[in-house]
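Biologist: I'm new to this one and would like to go through it with you. Could you show it to me, and explain your words as we go?

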Amino acid sequence: MSKETILSDLEEIVGKDFASNKKEDLFIYSLDPGASLPREVDYVVMPNSVEEVQKIVKLANKERIPIVPMGGGLTLSGLVIPVKGGIVLDMKRMDRIVEINEYSKYALIESGVTTGQLLAYLNENYPDLQPPVPDAPAAATVAGNVLIHGSGYLSQKYGDHGSMINGLEVVLPNGDICKVGSCSLSKYWFTRGPIPDLIGLFTSSFGTLGIVTKLSVKLFYKPKFREVVFGLATDFDDLPNILSKVIESGLAEDVLLGMQDKPDWMKGYIFVIVYVTGESQDEIDTNTKVLKKIYRKTNARYMKTPPRIREIYMEKPIFAATAADFRKGGGFEYVGAFIPLENIPEAYKGGVEISKRHGIIPTIGSRLIGQTHTVMVFFSYSFNRADPEDMKNARDALHETNILALELGGIPWKAEIAGQKLILEKMDPNFKKLFKTIRDILDPNHIMNPGNWEVE
Ligand SMILES: Cc1cc2nc3c(=O)[nH]c(=O)nc-3n(C[C@H](O)[C@H](O)[C@H](O)COP(=O)(O)OP(=O)(O)OC[C@H]3O[C@@H](n4cnc5c(N)ncnc54)[C@H](O)[C@@H]3O)c2cc1C
């Protein structure tokens, strides 16, 4: 079939305004805000219903055209830029909030619903409930975030966002619509068990096994009071002990670490940022006192929070973008990596060394996930987008950081293609065989995001 016939078939499915192969429409889909090189896209299509997604997948299968599902396109690691061309399936029109269940506490939403949209809707209509939200721009979709094991201000207490999925509606590569989780047999999308848990097939597989069209995510009760309590550490080696003691106290809702060498007053410190919550100001005051004591006993210092800093950090989610980009004309990308708590000192030391060697201002942060079961460490590298050499320099730093994370027993998160290759090189061959077998069975024509998680 010619390209023009395929376009007219796509237009027939979604309407003329929502399918295109014009260069000017495709340009924005050929790159992302990170350091990846642009790649070619053949079509962009914006479906409005699960049936439309189904028809697009069937057409792509018949014509052997690659499909890449896209939410906000904000991972920074090039995950929605097609490796082998084809269709970018932009899910933004599927943005309906279908149901909020106040008792079983979940939101049933379409996959184009953004994190900002869900947060605003709950703030307005269900002010006692809060959703899992990353510190990403508000245009990031809930689906794009939970499907890649994202994390946010509820992750310390409740785990990464992938674990907060209760159920999925997925269009499989052959066009079948499949429900996974309790929704496969109940009208309540309230749990992923106790039946075989297949939701994991669709998390961190980057759209290689299906297109999620609807999902249920957990909601959580929002405590009435919240406060941020800063500590200052000066030695990376103290971090595992400080974090363990903070968590053992059972007081922390969210725990972040941050260090950067600019502005000068921040140099030499690792900021320990702990959120305490409670039902009264008294409870907050008591919890703050306990934290101050923990800081004293663990070689850290309590820092009275300047009002402007408090204001920024009390915003949820934090507006992270301002913290990351220093240079004029610059962009940034980070390696996020899941690292075991005991190896945090080496991760920070290694990250500082890599940054300095590449002439980049060291900027490293972390968020505890699930009571220290994991620490998400982000090594951020800024670059000047107008300078290809500087972008290459950042890419090299990112690559070396992926290697560092793997050497420390960690796992690079939402890895770009080069990072995926490093992970696959280290992976148990039988895990790879299992993944390839599943993929070959579900997607024999290999149309789903080919080039990602490619097992040779
Ligand atoms: C300044 C900044 C701060 C950030 N802070 C955080 C943070 O605190 N926590 C965090 O977790 N992340 C953070 N991020 C990373 C990222 O922006 C988020 O994880 C974001 O939620 C990704 O969502 P998205 O809609 O942009 O996903 P996309 O980039 O569109 O997609 C992500 C992946 O999921 C796949 N996908 C998307 N939709 C579907 C679907 N419907 N079906 C199947 N597969 C699909 C895509 O193919 C891709 O592989 C940050 C990013 C920036 C720029």
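Modeller: Happy to. Let's start with a term: buried means under 20% relative accessible area, exposed means over 50%, and partly exposed is in between, using a 1.4 Å probe and protein chains only. This is a predicted model, where local features need pLDDT of at least 70 and side-chain atom pairs count only at pLDDT 80 or more, while totals for chains, interfaces and linings use all residues. Residues are numbered from 1 along each chain as its sequence is written, and side-chain values use heavy atoms, with hydrogens and water left out.

Biologist: Then why is D197 called partly exposed?

Modeller: D197 has a relative accessible area of 42%. Partly exposed is the range between under 20% and over 50%, so D197 belongs there.

Biologist: And what makes D197 and R192 a salt bridge?

Modeller: The term asks for a side-chain nitrogen of Lys or Arg within 4 Å of a carboxyl oxygen of Asp or Glu. The side chains of D197 and R192 meet at 3.1 Å, N to O, so the pair passes. The structure holds 21 salt bridges.

Biologist: How do you know that K224 and E279 count as a salt bridge?

Modeller: Their closest N and O atoms are 3.9 Å apart, and the limit is 4 Å, so they count. K224 sits in the loop between β11 (220-221) and β12 (225-233), and E279 in the loop between β14 (270-278) and α8 (281-297), so the pair links distant parts of the chain, 55 residues apart. Those labels are DSSP runs: helices are H or I with at least four residues, strands are E with at least two, numbered from the N terminus.

Biologist: Which of the words buried, partly exposed and exposed fits K224, and which fits E279?

Modeller: K224 has 54%, so it is exposed. E279 has 40%, so it is partly exposed.

Biologist: Where do E353 and R357 lie?

Modeller: Both are in helix α11 (residues 344-357), four residues apart, about one turn of the helix. An α-helix has 3.6 residues a turn, so residues three or four places apart point the same way. The side chains of E353 and R357 meet in a salt bridge of 2.7 Å, N to O. E353, at 42% relative accessibility, counts as partly exposed, and R357, at 48%, does too. Elsewhere, D135, D254 and R367 are joined into one network by salt bridges that share partners.

Biologist: What makes a group of residues a nonpolar core?

Modeller: It is a set of buried Ala, Val, Leu, Ile, Met, Phe, Trp, Tyr and Cys residues joined through side-chain atoms within 4.5 Å. The largest one here has 47 residues, and V246, I344, Y348 and F379 have the most contacts inside it. Helix α12 (residues 388-407) gives the largest share, six residues.

Biologist: Why is this core said to lie between domain 3 and domain 4?

Modeller: Domain 3 (225-314) and domain 4 (321-415) both give residues to the core, so it lies between them. Those bounds come from an automatic or database domain assignment. Apart from this core lies another, of 40 residues, among them V142, I199, L219 and M376.

Biologist: What does F379 touch?

Modeller: Contact means heavy atoms within 4.5 Å. Leaving aside neighbours within four places in sequence, the contacts of F379 include Y334, V335, T363 and L404.

Biologist: How many residues of domain 1 are in contact with domain 4?

Modeller: Ten residues of domain 1 are in contact with ten of domain 4. The two domains bury about 780 Å² between them, 54% of it on carbon and sulfur atoms; buried area is the accessible area (1.4 Å probe) that two parts lose on being put together, summed over both. A35, L76 and S77 supply 56% of what domain 1 buries there. The rule finds zero salt bridges across that interface.

Biologist: Why is N101 called buried?

Modeller: N101 is at 10% relative accessibility, and buried means under 20%, so the word fits. N101 is in strand β5 (residues 97-101), and touches Y106 and Y188, not counting residues up to four places away in sequence.

Biologist: What makes G85 buried?

Modeller: G85 has a relative accessible area of 9%, so it is buried. G85 lies in the loop between β3 (67-70) and β4 (87-90), and is in contact with E40, D42 and P66, again leaving aside neighbours within four places in sequence.
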